[in-house]
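This briefing sets out the architecture of one protein chain for readers at the bench. The sheet is treated before the chain as a whole.

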Amino acid sequence: MTTTIQLRTILIIDDEGDMCLLIKGLLKADDINIVCVQNLFDAQSFIKNVQPDLILLDNRLPDGFGVDFIDHIKTNHPAIKIIMITGIDPAAQDFALEAGADTFLSKPFTRKELQRSVDQLLN
């Protein structure tokens, strides 16, 4: 009897390459495909072609604010879970949750906080 591993996809939208690498390293698992994009335009293209299970979304991006992108995601792809990640503005948490983010992490966050949030939303 063989077991099939269901591959889940996480999309990280963050313009800082180091942050993408860090999160990828922290979440690395055999059953997770992790993709990074650095702007909302590329994120929108990716989501159109591959619907990820979870998006880790930074707020300040070169072509807009992540909090404004939440409505687009939830309207067009309501099944996608969203973790808003930002360190700039504590008030962004309220806006993100009101816009439809499933949870919020403030930078800096711990590996345990990240893993707990991801596990809660994917399981």
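In this predicted model, an open sheet of 5 strands is arranged in the order S2-S1-S3-S6-S7, with parallel pairing. Strands S2 (32-37) and S7 (103-106) stand at its edges; each has a single partner strand, so one side of each is left without a neighbour in the sheet. From one strand to the next, the twist averages 20 degrees.

**Strand pairing**

- Strands of a sheet pair through backbone hydrogen bonds, in either the parallel or the antiparallel sense.
- At the S2 edge, strands S1 and S2 run parallel and are joined by 6 bridges.
- Within this pair, Arg-8 is placed opposite Ile-32 of S2.
- At the S7 edge, strand S6 (residues 81-86) pairs with S7 in the parallel sense over 4 bridges.
- Here Ile-83 has Thr-103 of S7 as its bridge partner.
- In a regular strand, side chains alternate between the two faces of the sheet.

**Helix H1 and the sheet**

- Helix H1 comprises residues 17-27 and lies across four strands, namely S1 (8-13), S2, S3 (54-58) and S6.
- Relative to S2, helix H1 runs at about 175 degrees.
- Together, S1, H1 and S2 form a right-handed β-α-β unit.

**Order of elements and overall dimensions**

- The protein chain contains 5 helices and 7 strands.
- Read from the N terminus, its elements follow the order β-α-β-α-β-β-β-α-β-α-β-α.
- The radius of gyration is 14 Å, close to the 14 Å given by the globule rule for 123 residues, so the protein chain is as compact as a globular protein of that length.
- Along the principal axes, the C-alpha atoms fill a box of roughly 50 × 30 × 25 Å.

**Burial, contacts and surface**

- Of the 123 residues in the protein chain, 42% are buried, where buried denotes under 20% relative accessible area.
- Among contacts in the protein chain with a separation of 6 or more, 61% are between residues 24 or more positions apart.
- The protein chain exposes an area of about 7100 Å².
- Carbon and sulfur atoms supply 49% of that exposed area.

Note on methods: Residues numbered from 1 in each chain as written. Predicted model: local features only at pLDDT ≥ 70, side-chain atom pairs only at ≥ 80, totals over all residues. Heavy atoms only, no water. Pairing = 2+ DSSP bridges. Helix = DSSP H or I, 4+ residues; strand = E, 2+ residues; numbered from the N terminus. Axes fitted to C-alpha atoms, helices over the stretch in contact; angles between N-to-C directions. Contact = heavy atoms within 4.5 Å. Rg over C-alpha atoms; globule rule 2.2 N^0.38 Å. Buried < 20%, exposed > 50% of the residue type's maximum accessible area, 1.4 Å probe, protein only. Areas by Shrake-Rupley, 256 points an atom, 1.4 Å probe, with all protein chains shown as cover. Right-handed = clockwise from strand over helix to strand, strands pointing away.
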